[in-house]
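Me: Please work through the following structure with me as a series of questions and answers.

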Amino acid sequence: MKRRTLIQAALGLGLAAASPTLAACGSAESDTSDDSGGKKITLGFSAWPGWFPWQVADEKGLFAKNGIQVELKYFDSYTDSLNAMATGSINANSQTLNDTLASVAGGSQQTIVLTNDNSTGNDAIIAREGIDTVADLKGKTVAAEQGTVDHFLLLLALEKAGLSEKDVNFKPLPTDAAAAAFAAGKVDAVGVFAPFTTTALKLKGSKVIASSKDFPGSIPDHTVVSPELAKNSPKTVQALVDTWFETLGWITAHHDEAVAIMAKRGGVSVADYEAYDEGTTLFDTKANIEAFTPGSADANLDYQAKKIADFLVSSKLVDTAPKLDGLLDPTFIKKASAAG
């Protein structure tokens with residue numbers, strides 16, 4: 001389970017997005033009409049608490065209730081979901097803002113239509129006993145998946161502490177392997193996301209020394225669709241967005257059953273899943289309206305997108321800043337909010 005990859009998308013997807021032949025292969029845009037004359041949605045998602053509500057929507061028949069045909073496709077590797085979205089194998093995906101920007105920088109065209117959540121603690125830098133602050137990481141070995149959002153979080157935390165990646169011994173490992181290496185005492189600290197935070201914290205004396213809670217709004221998660229789907233099948237996309245909000249209502253009304261469904265999808269116990277609740281803030285219509293409204297705070301997606309784009313370039317995670325025109329489409333959020 002790998003959530004959140006920044007530079008792999010930018011490095012590997014530019015050619016795919018630029019190649020009409022490759023983009024057409026297995027394209028979700030080619031023959032996906034549903035019975036209502038709209039488009040069938042093939043929606044990708046992977047291991048992250050903020051995306052597991054889609055599993056609830058699927059199992060409880062809420063997509064069908066809203067009149068849309070959705071093939072929910074789970075990816076063990078988040079990177080694979082990014083590749084699938086960029087090459088047209090799926091026409092909707094669950095992605096971070098960071099990774100969407102990296103994909104766009106690599107040449108992929110994508111449109112954000114919904115904010116699923118903000119990470120408010122479930123992305124974390126965890127250190128062994130004896131390391132109490134980010135400043136204490138100087139000269140220490142820190143593992144994280146190269147180019148992931150937790151690598152991004154590490155860079156943010158180091159910068160805040162007056163350090164840079166050059167001040168630590170960075171060890172690139174896949175997220176699951178990084179968590180396991182830390183739990184085995186092979187590295188001094190690790191950057192991971194839930195549910196791998198649970199694995200890392202099994203090391204006696206380990207503790208969270210920085211998390212996404214320290215950088216509000218820096219790691220938002222979204223549902224993105226292809227521009228073609230948004231333009232040619234707006235009713236279908238609207239139904240998808242509406243389903244999200246209905247699902248949140250269902251989860252509130254049927255908490256225990258919903259948590260059991262999501263914990264099973266995440267491969268963790270119900271107790272562990274309950275512990276993730278505070279670290280992921282799910283977005284209702286009000287929060288979405290606030291996020292999509294232009295502004296100058298981290299909570300405003302346009303501001304955050306510009307900030308992240310600048311960071312990606314300055315950190316050399318991408319070569320060229322992504323174009324932000326057309327990235328955010330608030331149309332569907334506004335209609336969902338107006339409908340109440």
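Me: Which residues do ring pairs link into a cluster with Trp 48?

Reply: This is a predicted model, in which local features need pLDDT of at least 70 and side-chain atom pairs count only at pLDDT 80 or more, while totals for chains, interfaces and linings use all residues. Residues are numbered from 1 along each chain as its sequence is written, and side-chain values use heavy atoms, with hydrogens and water left out. Rings of Phe, Tyr and Trp (its six-membered ring) pair if their centres lie within 6.5 Å; planes under 30 degrees apart count as stacked, over 60 as edge-to-face and the rest as tilted. By ring pairs, Trp 48 is joined in a cluster with Phe 193 and Phe 196.

Me: What is the geometry of the pair formed by Trp 48 and Phe 193?

Reply: The search of the whole structure yields nine aromatic pairs. For Trp 48 and Phe 193, the ring centres are 6.4 Å apart and the planes stand at 75°, so the pair is edge-to-face.

Me: How many residues apart in sequence are the parts that this pair ties together?

Reply: Trp 48 is buried at a relative accessible area of 0% (buried means under 20%, exposed over 50%, partly exposed in between; 1.4 Å probe, protein chains only). Phe 193 likewise counts as buried, at 0%. Helices (H or I, at least four residues) and strands (E, at least two) are DSSP runs, numbered from the N terminus. Because Trp 48 lies in the loop between strand S1 (41–45) and helix H4 (53–59) and Phe 193 in strand S8 (residues 189–193), the pair connects parts whose separation in sequence is 145 residues.

Me: Which helices hold Phe 152 and Phe 311?

Reply: Phe 152 and Phe 311 form an edge-to-face aromatic pair, 4.9 Å centre to centre with 85° between the planes. Phe 152 is buried at 3% relative accessible area, and Phe 311 is buried at 12%. The pair ties together parts 159 residues apart in sequence, because Phe 152 lies in helix H8 (residues 149–160) and Phe 311 in helix H16 (residues 301–314).

Me: Which residues touch the most other members of the largest nonpolar core?

Reply: A nonpolar core is a set of buried Ala, Val, Leu, Ile, Met, Phe, Trp, Tyr and Cys residues joined through side-chain atoms within 4.5 Å. The largest one has 101 residues, and those touching the most other members are Leu 43, Trp 54 and Leu 137. Its largest share, nine residues, comes from helix H12 (residues 234–253).

Me: In what order do the six strands of the open sheet run, and which are the edge strands?

Reply: Two strands pair if DSSP finds at least two bridges between them. The pairing in this open sheet is mixed, and the order is S2-S1-S3-S10-S4-S11. Each edge strand pairs on one side only; these are strand S2 (70–74) and strand S11 (280–282).

Me: Which residue in S11 stands opposite Asn 118?

Reply: Strand S4 (residues 111–119) pairs with S11 in the antiparallel sense over three bridges. Opposite Asn 118, in S11, stands Thr 281.

Me: Is Glu 274 buried, exposed or partly exposed, and with which residues is Glu 274 in contact beyond four places in sequence?

Reply: Glu 274 belongs to helix H14 (residues 270–275), and its relative accessible area of 35% makes this residue partly exposed. Val 259 is 15 residues away in sequence and 7.5 Å away in space, C-alpha to C-alpha. Contact means heavy atoms within 4.5 Å; neighbours within four places in sequence aside, Glu 274 is in contact with His 255 and Val 259.
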